[in-house]
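Please look over the structure shown here. The report on it is arranged by region.

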Amino acid sequence: MKEKMKVAVMTGVGKMGFEMRPIPGVTDEEVLVKLEYVGICGSDLHYYEKGALGDYIVKPPFVLGHEASGTIVEVGKNVKHLKLGDKVALEPGKTCGHCEFCKSGRYNLCPDVIFFATPPVDGVFQEYVAHEADLCFKLPDHVSTLEGALIEPLAVGFHAAQQGEAQFGQTAVITGSGCIGLVSMMALKAMGLTEVYVTDIAPKRLQKALELGAAAVINSNEVDPVEKIRELTDGRGVDLVIEASGAEICANQGIEMLVKGGTLVQVAYSDSGMMTLNTSLLCDKEIRIKTVFRYRHIYPLAIQAVTYGKIDLNGIVTNIFNLDEAQDAMDRSVNNKSDIVKAVIKIS
Ligand SMILES: [Zn+2]
Ligand SMILES: [Zn+2]
């Protein structure tokens, strides 16, 4: 096997370059994965555009990308459940296993997590990665590695649905029809909800939501989304709102759209990190607020949903770039947010 691999690195704000780095060796508990697809996430775009996301500051050269899939080309000695040639989806966060959060099953809150593409930890816009076998989930033959790369965002969608305690028979609104809004909608539908509505202001994104199974889509630039939801629900409102836009106005509209006692799940981060919410209405309606940070132990069920045809992830992808086109992929994703719903980098 060759010894070096190509790595796309962020060399500065808005700048990509390439480096050749040694192909990593594996420990006894790891597998070496030849990467095939890595999705471009909103967080990658944020790091690329701003050089930081919240408290995480990029120190170049930095490798972006955490939504990864590939094929196993080397297996550590103690690895039992995977073999050469297996296709896998990679869960990007390695947790400590010892803290109160890990021990209580909320490992996504582990303060010592090592997570791809979260400074200072490099991501995987590169040809190979050595990764804990425990965090590599085998894909069945008929599920592609393109779908495998999208298990990561889908896991966020399922976590949002679970945080909202979504149930068959409920109605829901997703505010924001980006990747996370769409996977949240798909998760709700896979859980049996039939009436899932989606709001946005970008026609192309709304079209995508409709194609992927939204009961109706609402362009908030054209109609009052709160009025429209009242009309669609005979004045009742919905049980669940998943806020996936990060816009304060959408969170407040969501509060208005909810039935009394309903649940607002905040998934998106706002640009400033702050939001002013209608707390009077929150209290009057006794709205429950839940939030989402990544996911915990959801890959198996997300893969199951795709395996049994409950969810078709292929439909989300609007653009595929090669690794060599990393600069173009990032620039176009940043500059055409309303058209590029989901871009993926094809590594090999
Ligand atoms: Zn992501
Ligand atoms: Zn921990």
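The sections below cover the zinc site, the cores, a helix pair and several buried positions.

## Zinc site

This is a predicted model. Three protein donors hold the zinc ion (ligand 1): C41 through SG, H66 through NE2 and E67 through OE. They lie 2.2 to 2.6 Å from the metal. Along the chain, the donors follow the spacing C-x24-H-E.

C41 and E67 come from distant parts of the chain, 26 residues apart. C41 sits in the loop between β3 (30-39) and α1 (42-50). E67 belongs to strand β6 (residues 67-75). Are these two donors buried or exposed? C41 has a relative accessible area of 17%, so it counts as buried, the cut-off being under 20%. E67 is buried too, at 1% relative accessibility.

## Helix α1

The helix that follows the loop of C41 is α1. Its buried residues include S43, D44, L45, Y47 and Y48. Strands β1 (4-12), β2 (15-22), β3, β4 (52-53) and β5 (56-57) are among the elements that cover them, as is α11 (326-335). After α1 comes G51, with a positive phi near 80 degrees.

## Two nonpolar cores

The largest nonpolar core has 52 residues. Which members touch the most others? They are I151, L154, L188 and L313. Several elements give two or more residues to this core. The helices are α3 (145-149), α4 (151-163), α5 (179-190), α6 (203-211) and α10 (299-307). The strands are β12 (171-175), β13 (195-200) and β15 (238-243). A second, separate core holds 45 residues, including M10, I72, Y128 and F321.

Take L154 as one example from the largest core. Beyond its neighbours within four places in sequence, L154 is in contact with V183, A302, V306, I311 and L313.

## The α4/α5 pair

Helices α4 and α5 pack with their axes 8 Å apart. The angle between them is about 60 degrees. Why is the pair called oblique? An angle of about 60 degrees is outside the 65 to 115 range that counts as roughly perpendicular and is not under 35 degrees, so α4 and α5 are oblique to each other. The crossing of α4 past α5 is right-handed.

On the α4 side, the contact is made by P153, L154, V156, G157, F158, A160 and A161. On the α5 side, it is made by C179, I180, V183, S184, A187, L188 and A190.

## Helix α10 and the loop after it

In α10, Y299, A302, I303, A305, V306 and T307 are buried. These buried residues pack against β7 (87-90), β11 (136-138), α3 and α4. G309 follows α10, and its phi is positive, near 75 degrees.

I316 lies in the loop between α10 and β18 (319-322). Its relative accessibility is 0%, so I316 counts as buried. What does I316 touch, apart from residues up to four places away in sequence? Its contacts are C179, L182, V183, M186, K208, L212, V341 and K342. I316 and I340 are 24 residues apart in sequence, and their C-alpha atoms are 9.9 Å apart in space.

## Strand β16

T263 is part of strand β16 (residues 258-266). At 5% relative accessibility, T263 is buried. Not counting residues up to four places away in sequence, T263 touches G164, D239, L240, V241, L258, R288 and K290.

Technical notes
Residues numbered from 1 in each chain as written. Chains lettered and ligands numbered in written order. Predicted model: local features only at pLDDT ≥ 70, side-chain atom pairs only at ≥ 80, totals over all residues. Heavy atoms only, no water. Core = buried A, V, L, I, M, F, W, Y, C linked by side-chain atoms within 4.5 Å. Buried < 20%, exposed > 50% of the residue type's maximum accessible area, 1.4 Å probe, protein only. Helix = DSSP H or I, 4+ residues; strand = E, 2+ residues; numbered from the N terminus. Contact = heavy atoms within 4.5 Å. Donors = N, O, S within 2.8 Å, 3.2 Å for Na, K, Ca; no water. Axes fitted to C-alpha atoms, helices over the stretch in contact; angles between N-to-C directions. Parallel < 35°, antiparallel > 145°, perpendicular 65-115°, else oblique. Left-handed = near helix turned anticlockwise from the far one by under 90°.
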